[in-house]
Amino acid sequence: MSDNHGAACNPDTLRESFVAELTGAVYPLTLRHGMTGSWLDLELGLWKALAETVRLWAREWPPVGSQDEFEVWREGLLVDLTEGALHIALKNGVKGFPLEMELALYRAFRSVVRRVGQKALRR
């Protein structure tokens, strides 16, 4: 994420940085499996799908102080990020076992969301 304090205060900039971190976490992972499509189409497809998912889930941010609701919200976000990325990967001819890929994507997203997601998604 940016070290620029002014950028850190802008929610749109934080979300864009968050999407970049998410994409950066899973793009190399998908490439390692091999593919039949274009690497550029894969990267742009991931970026767009993840940006849309983050945009939609940021609107659904749970009420302040509700830890249970936050955990449910976060799990829903992780599932949607994973499903979207898996769809893009398969659409672009990424090889390998879909369930193995799905688990790897989920773990990568979970790591990023735990590290930076909460700051990036608050309204």
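Helices (H or I, at least four residues) and strands (E, at least two) are DSSP runs, numbered from the N terminus. With that in hand, look at the whole chain: it has five helices and zero strands, and from the N terminus on the elements run α-α-α-α-α. You're looking at a predicted model, where local features need pLDDT of at least 70, side-chain atom pairs count only at pLDDT 80 or more, and totals for chains, interfaces and linings use all residues. Residues are numbered from 1 along each chain as its sequence is written, and side-chain values use heavy atoms, with hydrogens and water left out.

**Stop 1: the whole chain**

Colour by burial if your viewer can. Of the 123 residues, 41% count as buried (under 20% relative accessible area; exposed is over 50% and partly exposed is in between, with a 1.4 Å probe and protein chains only). Now think about contacts, meaning heavy atoms within 4.5 Å. Among the chain's contacts with a separation of 6 or more, 74% are between residues 24 or more positions apart.

**Stop 2: helix H2**

Select residues 11–32, which form H2. The expected span of a helix is 1.5 Å times one less than its number of residues. For the 22 residues of H2 that gives 32 Å, and the end C-alpha atoms are 32 Å apart, so the two agree. Buried residues here include Phe18, Val19, Leu22 and Tyr27. Step just past H2 and click Gly34, which has a positive phi of about 85 degrees.

**Stop 3: H2 against H3**

Add helix H3, residues 39–59. Two packed helices are described by the angle between their axes and the distance between the axes. Axes are lines fitted to C-alpha atoms, for helices over the stretch in contact, and angles run from 0 to 180 degrees between N-to-C directions. H2 and H3 pack at about 140 degrees, with axes 9 Å apart. That angle makes H2 and H3 oblique to each other (under 35 degrees is roughly parallel, over 145 roughly antiparallel, 65 to 115 roughly perpendicular, and the rest oblique). Show side chains for the contact: among them are Phe18, Val19 and Tyr27 of H2 and Trp39, Leu46 and Trp47 of H3. The contact residues divide into 15 nonpolar, two polar and three charged (Ala, Val, Leu, Ile, Met, Phe, Trp, Tyr, Cys and Pro count as nonpolar, Asp, Glu, Lys and Arg as charged, and the others, Gly among them, as polar).

**Stop 4: H3 against H4**

Hide H2 and bring in helix H4, residues 67–91. How are H3 and H4 arranged? Their packing angle is about 155 degrees, with the axes 9 Å apart. That makes H3 roughly antiparallel to H4. The contact includes Gly45, Ala49 and Thr53 of H3, along with Gly76, Asp80 and Gly84 of H4. By class, this contact has twelve nonpolar, four polar and one charged residues.

Zoom in on Thr53, in H3. Buried or exposed? Thr53 counts as buried, because its relative accessibility is 12%. Beyond its neighbours within four places in sequence, Thr53 touches Leu77, Asp80 and Leu81.

**Stop 5: along H4**

Finish on Ala89, in H4. Ala89 is at 0% relative accessibility, so it counts as buried. Measure from its C-alpha atom to that of Leu46, 43 residues apart along the chain, and you should get 7.8 Å. Leaving aside neighbours within four places in sequence, Ala89 is in contact with Thr30, Leu42 and Val94. Last click: Gly93, after H4, where phi is positive, near 75 degrees.
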